Amino acid sequence: MTELVFFTNQVIISGLVLGCIYALGAVGITLIFGILRFAHFAHSELMTGGAFIAFLLASAFAAWGITTPIPTGFVVLPIAMVITAILSLGIDKGFYAPLRKRGAKPVTLLIASIGVTLMVQGLIRLFFGAGSYSFFETETKDVFRIDLSALGSTRPLVITEPQVFMIVVTFVSVLALHFFLTRSRLGKAMRAMADNADLAQVSGINTALVVRVTWIVAGALACMAGTMLALDVTLKPDLAFNIIIPIFAAAIVGGLGQAYGAIAGGLLIGFAESLAVFNWTMVLRPLNGVLPDWLQLPATLALVPTEYKLTVAFVILVVVLLVRPTGIFKGASS
Amino acid sequence: MALIELKHVVGGYGGAPILNGVNIAIEKTDIGVIVGPNGAGKSTTLKAIFGLLKVTGGTIDFGGENIANSLPDKLVSKGLSFVPQEKNVFTSMSVEENLEMGAFTRRDDFRQTMNWVYGMFPVLAEKRRQPAGELSGGQRQMVAMGRALMSKPSLLMLDEPSAGLSPRYVIEIFETIQRVNKEGVGILMVEQNARQALAFASKGFVLAGGQNRFTGTGQELIADPEVAKSFLGG
Amino acid sequence: MLGRALLAFAAGAAIVYGARKADRIGITGRWKTVLTVFAWFVAYVLYRSQLDPAAAYIESAVGGGWVGGLGGHPVLGWLFGGLLAAGIAYIVGKISLGLRTDYLAIATIGISEIIRALIKNMDWLTRGTLTVSPIPWPTPLPQSFQAGGMDNLSALVAARGGFLVLALVVLGIVLWLISRAYAGPWGRMMRSIRDNHIASSSMGKNVKARQLEIFIFGSVLMGIGGAMLVSFVQIFDPSSYQPINHTFLIWVMVIVGGAGNNWGALFGAVLIWLIWVISEPLSKAVFEFVSMWSSNVGWGAIPEIEARSAQMRVFVLGLVITIALRFAPKGLIPEVVKRG
């Protein structure tokens, strides 16, 4: 039982938390790809920028002496999401829309988005330096230790308060996104434009409006993902830049343009990373009693060493691109 | 007054003009058919009306104003609908969602229009939850027409509605087009099956080199020996 | 021990190859896929089981700390760097050149991150964060000039001048070669493939092989460049090679200078390098000015000006990319297309 709880702590909870972040980021990337047909590299900076906006708001709340029963980061999240959405609309208008108007190739837009990445990255470092910040300087990060000794486990189930909120918030947002895409007029128009942009235009769908809605949704979700990641670990300028390739991997695994695929891809990559670095000896240790001496398990028995955790996502990305570039859910191939 | 009237329309994709003075006039009761050899500018004419390419000369009067170079979403709200030749359904969306997208410009209740469309294409009512990509070619054409009718247009433009269909479906689609016309929707279509389409056309236009070559009723054009010889394959 | 790891690698490769050919003995479809995945797994475990002790041995004091150190001349090392890059480029190109442009960009960034992670963490091969230093210079070091009786400054200038001359010679040779190639039949063929690969392949050119060829060639140049950089700074620190400072910087040079034009690329390289170097002191001056003004007004000075102005470089780089793409999409010196 102890082993099972250890597995839950190390793989299920950590994989789920990571998967939620990847999924929220990947949904935005996949929506932008579906509607605007380019790989938006600067998505990481929307995440980091959103996290810093949330951090500023949370600090302001703390300075005004407003205390909240749940972590302040989650309270200010809706405001930060609105600001990030406006910010992403501005970035689109300033940097991508002129290129689209000229009919630039997708790869030109990709490079432009790398330019935006560098600019935002530079601005964030300009104002906040290269150091890291914590949302929990003025409040405590509650850690729940659920005692499972009744079930015969010597270890408790460990989960932090932000992690619980994170999983709940992700679940609710994914559900909301699902209803938006399948029930609302604009959501359906987004799917229509992702399916066939020319026909959407011919049908009388206001494509400029759909583009704006896409940026609003993608920006808000990116802010959510970035803030929650910063709440789980610490906030630093390269917070999301380091995980943008795993997020792309999630979007590509799910099939670019497929919102549900991106969510599944995000969870898949999250679990794959956690599983790959999991130390199997901890679970298999009871076997040592049965196994002969020459086959005793080593102290660490992981698929890959911990320092290669992020590399797992890159390898998955490359393999998927080679074997099935349309993704496991068959995304937009054009 | 004509429902739509093109006068000396000149236009193209930016380079040399493809249309060099096209004249077309359609009444609300008309079925207009544009025929002509490849590269004559038939589909280009429809696209020029629908604002999908640049009109550099002439006028397009629709509902009493010049609509040349208007954006498609404005034209749809004005009562113009267009069914492209290829990729004319949202393959990943259900039949019903396809129809809803046709009604995007309408903010009123469009359930009645949807029932009207389902009445015209009963097979679509049966498959309303199925993704349009899973339907047969003929059924897709119906979805495409149904989608275009959802905005309650006064003029429906079709680009080669019979392309790629089996002969049985060609007859069915042509019959449907005549039925739609009887419901009070003007039709302007481009057709490769020229003889078959001209047979029920009240107005026929033979284009060649981006210009009108012959204009008349469908029957007149079929009967004209010169048209028959040069454009209808003898 | 490294030999045994190599043996294990070969055995693993054989297992995977065998699994791929399993259809010969009647295993096809889904089972073949399962078998192939399983073979990859076995091969990987086998390789890891042999590599780990070898790596531990090399890293320990007995193993000497690193591999290599043949004592050859650094210029030979540069050439070897080019060769190594060619090998890596062959593998990367084989894997990813069939992909669409934007997938290709993501795939190559992904692969480069994998390679970077490997280099950073394969301590037995690269010493990882321990870094390799000092790396010998191909030209006399400042110390040897000092030994000859020069003062510090002129020794530094002389030594760096020597390196610069050598670097310029390499650059000159490369430029001479590629300008000749550009105008020659090989360059004409390459340009025709770039402009219209469908037409070229219908003329009987093997487009894929040519694309791989040019990819490898470009990588060789980059490999030599990297090797020269490493010997110039005299320290090999894998973790200091960030995509922001290297990959993207070079992209900007090409975009701003003019893609498809060798002189444009050269001009872009010099220009962007100037911007990269100047933007730091320039922004420092701006900050100091603003800081002086703000403290005069009573808002207080800007803290940590030094660290902040270092970050301005990244911002300026991003700004230059976006401006160049918008206003000079063909670069400052666009390729001249001769007609007729």
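What do the elements of chain C run as, from the N terminus on? Follow chain C along and you get α-α-α-α-α-α-α-α-α-α-α-α-α. Put as a count, the secondary structure of chain C comes to 13 helices and zero strands. Keep in mind as you look around that this is a predicted model.

Let's stay with chain C for a moment. It has 340 residues, and 22% of them are buried. "Buried" here is about crowding: a residue gets that label if 20 or more other C-beta atoms lie within 10 Å of its own. Now think about who touches whom. Take the contacts in chain C with a separation of 6 or more: 66% of these join residues 24 or more positions apart.

Now hop over to chain B, where the domain assignment gives two pieces. Domain 1 of chain B is written as 1-79 + 158-234, while domain 2 of chain B covers 84-152. So how far apart are the C-alpha centres of these two domains of chain B? They lie 23 Å apart. Domain 1 of chain B puts 16 residues into the contact, and domain 2 of chain B puts in 10 residues.

Zoom in on the side of domain 1 of chain B that touches domain 2 of chain B. Two helices, α2 (72-78) and α7 (167-182) of chain B, each supply at least two residues there. The most comes from α7(B), with six residues. And what kinds of residues make up this side of domain 1 of chain B? By class, you'll find seven nonpolar, four polar and five charged residues.

Terms used: Residues numbered from 1 in each chain as written. Chains lettered and ligands numbered in written order. Predicted model: local features only at pLDDT ≥ 70, side-chain atom pairs only at ≥ 80, totals over all residues. Domains from an automatic or database assignment. Contact = placed C-beta atoms within 7 Å. Helix = DSSP H or I, 4+ residues; strand = E, 2+ residues; numbered from the N terminus. Nonpolar A, V, L, I, M, F, W, Y, C, P; charged D, E, K, R; others polar. Buried ≥ 20, exposed ≤ 12 C-beta atoms within 10 Å, placed from the backbone.
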